[in-house]
Amino acid sequence: MTVLLPLIIALCAAPLAAAIGTARPRAVAPMAVALAALTCGATLWGWARGGGTVSVPWAPSWGLALTFTLDGLAAL
């Protein structure tokens with residue numbers, strides 16, 4: 001889960017900013033900065049824990065899998 005946490009936060013940031021922006025336009029910029037910092041923190045936390053790999057079979061009959069790996073290059 002530590003591998004996918006930064007991705008989940010980043011993917012939720014844009015819809016959340018759009019929803020907040022309609023109600024409070026002045027709050028979008030600080031919220032976007034906070035979500036970017038949270039994503040950066042989640043990435044560094046996952047990397048400090050040793051990274052990891054998540055592999056999901058995509059087309060098992062062909063031997064294809066969707067793989068997410070958190071290593072030094074991905075953290076950069």
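# A first look at the helices, hairpin and nonpolar patch

Alanine 37 sits in helix H2, which covers residues 28-48. Welcome to this structure, which is a predicted model. Besides helix H2, the tour below visits a hairpin built from strands E1 and E2, and a nonpolar patch on the surface.

**Along helix H2**

- Let us begin with alanine 37: is this residue buried or partly exposed? Alanine 37 has a relative accessible area of 48%, so it counts as partly exposed, the class that lies between 20% and 50%.
- Alanine 37 can also be placed relative to proline 15: the two are 22 residues apart in sequence, and their C-alpha atoms are 17 Å apart in space.
- Threonine 39 also has its place in helix H2. Its relative accessible area is 17%, and because buried means under 20%, threonine 39 is buried.
- Which backbone oxygen lies 2.9 Å from a polar atom of the side chain of threonine 39? That oxygen belongs to leucine 35.
- Once neighbours within four places in sequence are set aside, threonine 39 is in contact with Pro6, Ile9 and Ala10.
- Threonine 43 is another residue of helix H2. With a relative accessible area of 14%, threonine 43 is buried.
- Setting aside neighbours within four places in sequence, threonine 43 is in contact with Pro6, Leu70 and Ala75. Pro6 therefore appears among the contacts of threonine 43 as well as those of threonine 39, with contact meaning heavy atoms within 4.5 Å.

**The hairpin of E1 and E2**

- How do strand E1 (residues 52-59) and strand E2 (residues 64-70) pair? They run in the antiparallel sense, with 7 bridges between them.
- The hairpin has 4 residues between the strands, and in it glycine 63 takes a positive phi near 80°.
- Two facing positions help you find your way across the pair: proline 57 stands opposite alanine 65 in E2, while valine 56 stands opposite leucine 66 in E2.
- Valine 56 belongs to strand E1, and its relative accessibility of 41% makes it partly exposed.
- In a regular strand, side chains alternate between the two faces of the sheet.

**Threonine 69 in E2**

- Threonine 69 is part of strand E2. Its relative accessible area is 42%, so threonine 69 falls in the partly exposed class, between 20% and 50%.
- Which residues does threonine 69 touch, not counting residues up to four places away in sequence? They are Val3, Gly52, Thr53 and Ala74.
- Threonine 69 and tryptophan 58 are 11 residues apart in sequence, with 16 Å between their C-alpha atoms.

**The nonpolar patch**

- Leu7, Leu11, Val56, Trp58, Trp62, Leu64, Leu66 and Phe68 form a nonpolar patch on the surface. Together these residues have about 880 Å² of accessible area.
- Which elements each supply at least two residues of the patch? Helix H1 (5-23), E1 and E2 do.
- The most comes from E2, which gives 3 residues to the nonpolar patch.
- Both valine 56 and leucine 66 are members of the patch, and valine 56 stands opposite leucine 66 in the strand pairing.

Methods
Residues are numbered from 1 along each chain as its sequence is written. This is a predicted model: local features need pLDDT of at least 70, side-chain atom pairs count only at pLDDT 80 or more; totals for chains, interfaces and linings use all residues. Side-chain values use heavy atoms; hydrogens and water are left out. Two strands pair if DSSP finds at least two bridges between them. Buried means under 20% relative accessible area, exposed over 50%, partly exposed in between (1.4 Å probe, protein chains only). A polar contact is a pair of N or O atoms within 3.5 Å; within protein, one must be able to donate a hydrogen and the other to accept it, and residues adjacent in sequence count only if both atoms are side-chain atoms. Patches are made of residues with over 30% relative accessible area and no salt bridge: like charges are joined within 9 Å, nonpolar side chains (Val, Leu, Ile, Met, Phe, Trp, Tyr) within 5 Å. Accessible areas come from the Shrake-Rupley method with a 1.4 Å probe; for residues, only the protein chains shown count as cover. A salt bridge is a side-chain nitrogen of Lys or Arg within 4 Å of a carboxyl oxygen of Asp or Glu.
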